[in-house]
Amino acid sequence: MKRTTRSVYEKRFFLSLFVIVLILFAGVGIYNVNRKNMPLELPDTNEVASQAPQNALDQLSIVSGIVYRHLVAYNLVCTESGQPLEKYPAYFSAKYADDIRRIDRAWNRRGKSLESVLTDYDSRRYPKLAPEIQTELIDLERQMAILVKAQKANILPKDVHWTAEDENKLNIKDACLLFDDAAPEIGEKTNFADTFRQYMRGI
């Protein structure tokens, strides 16, 4: 059941502004470039073209890892916290349906299926990926909370005094709610789609 605390609603009230802040200030600390795990914001397409692996199987593994993170891992982390994602997995699977089918066909040619590969990633990749995603989600909530405090005090976010009490209020359930609402919009307004499809070349 979705939590209806005042703090969650308050944070959602600032969601649109928060998304704009994230996009305008890419260095804010959330969705930074990480080629290994591929959060929402990815390198620019020129950089991808110059660094893309030449081995087709390596390339297939990379795009499968991206799909796993976004289609499975985020939701696993949130489900384990008691707050499964209601929007994001459906958004990702619909927006990248053609790419997902291409990846599946590429695995079929190797005698596997994308489903079996993603299931294998549950045991091989998820144990290491889960703590990273938890940190990313808490970072998301922290940035939102800082923005809320800044708005209330009529100051810039960089001038907010962040306390241990503030930090203790952060929790993964609220972070998952925020991610579920914010991630699709952030994904639409960043270079994620174009760059992901650059990685899809040759699949």
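## A tour starting at helix α4

Select Ser61, Ser64, Gly65, Val67, Tyr68, Val72 and Leu76 in α4: these residues meet Leu114, Val117, Leu118, Tyr121 and Asp122 in α7. Sorted by class, this α4 and α7 contact holds 8 nonpolar, 3 polar and 1 charged residues. Keep in mind that this is a predicted model.

**Stop 1: the two helices in full.** Now widen the selection. Show α4 as residues 56-81 and α7 as residues 114-124. Their axes come within 10 Å and cross at roughly 65 degrees. Which hand does the crossing have? The α4 and α7 crossing is right-handed.

**Stop 2: the other partner.** Keep α4 on screen and add helix α10, residues 172-189. The axes of α4 and α10 come within 9 Å, crossing at roughly 140 degrees. That angle makes α4 oblique to α10, because angles over 145 are needed to count as roughly antiparallel. The hand of this crossing is left-handed.

Which residues make the contact? On α4, pick Tyr74, Cys78 and Ser81. On α10, pick Ile172, Lys173, Cys176 and Phe179. By class, the contact of α4 with α10 has 5 nonpolar, 1 polar and 1 charged residues.

**Stop 3: a single acid.** Go to helix α9, residues 164-169, and select Asp166. Is Asp166 buried or exposed? Its relative accessibility is 11%, so Asp166 counts as buried; the cut-off for buried is under 20%. Next, show what touches Asp166. Setting aside neighbours within four places in sequence, Asp166 is in contact with Lys149 and His161.

**Stop 4: zoom out.** Clear the selection and colour by secondary structure. How many helices and strands are there in the protein chain? The chain has 11 helices and 0 strands. Trace the chain along its sequence, and the pattern reads α-α-α-α-α-α-α-α-α-α-α.

Now colour by burial. Of the 203 residues in the protein chain, 45% are buried. Then switch on the surface. The accessible surface of the protein chain comes to about 10,400 Å². Carbon and sulfur atoms account for 52% of that area.

**Last stop: contacts along the chain.** Consider contacts between residues at least 6 apart in sequence. Of these, 79% join residues at least 24 apart. To see examples, return to α4: Ser61, Ser64 and Gly65 are among its residues that meet α7, and Tyr74 is one of those that touch α10.

Note on methods:
Residues numbered from 1 in each chain as written. Predicted model: local features only at pLDDT ≥ 70, side-chain atom pairs only at ≥ 80, totals over all residues. Heavy atoms only, no water. Axes fitted to C-alpha atoms, helices over the stretch in contact; angles between N-to-C directions. Helix = DSSP H or I, 4+ residues; strand = E, 2+ residues; numbered from the N terminus. Left-handed = near helix turned anticlockwise from the far one by under 90°. Contact = heavy atoms within 4.5 Å. Nonpolar A, V, L, I, M, F, W, Y, C, P; charged D, E, K, R; others polar. Buried < 20%, exposed > 50% of the residue type's maximum accessible area, 1.4 Å probe, protein only. Areas by Shrake-Rupley, 256 points an atom, 1.4 Å probe, with all protein chains shown as cover. Parallel < 35°, antiparallel > 145°, perpendicular 65-115°, else oblique.
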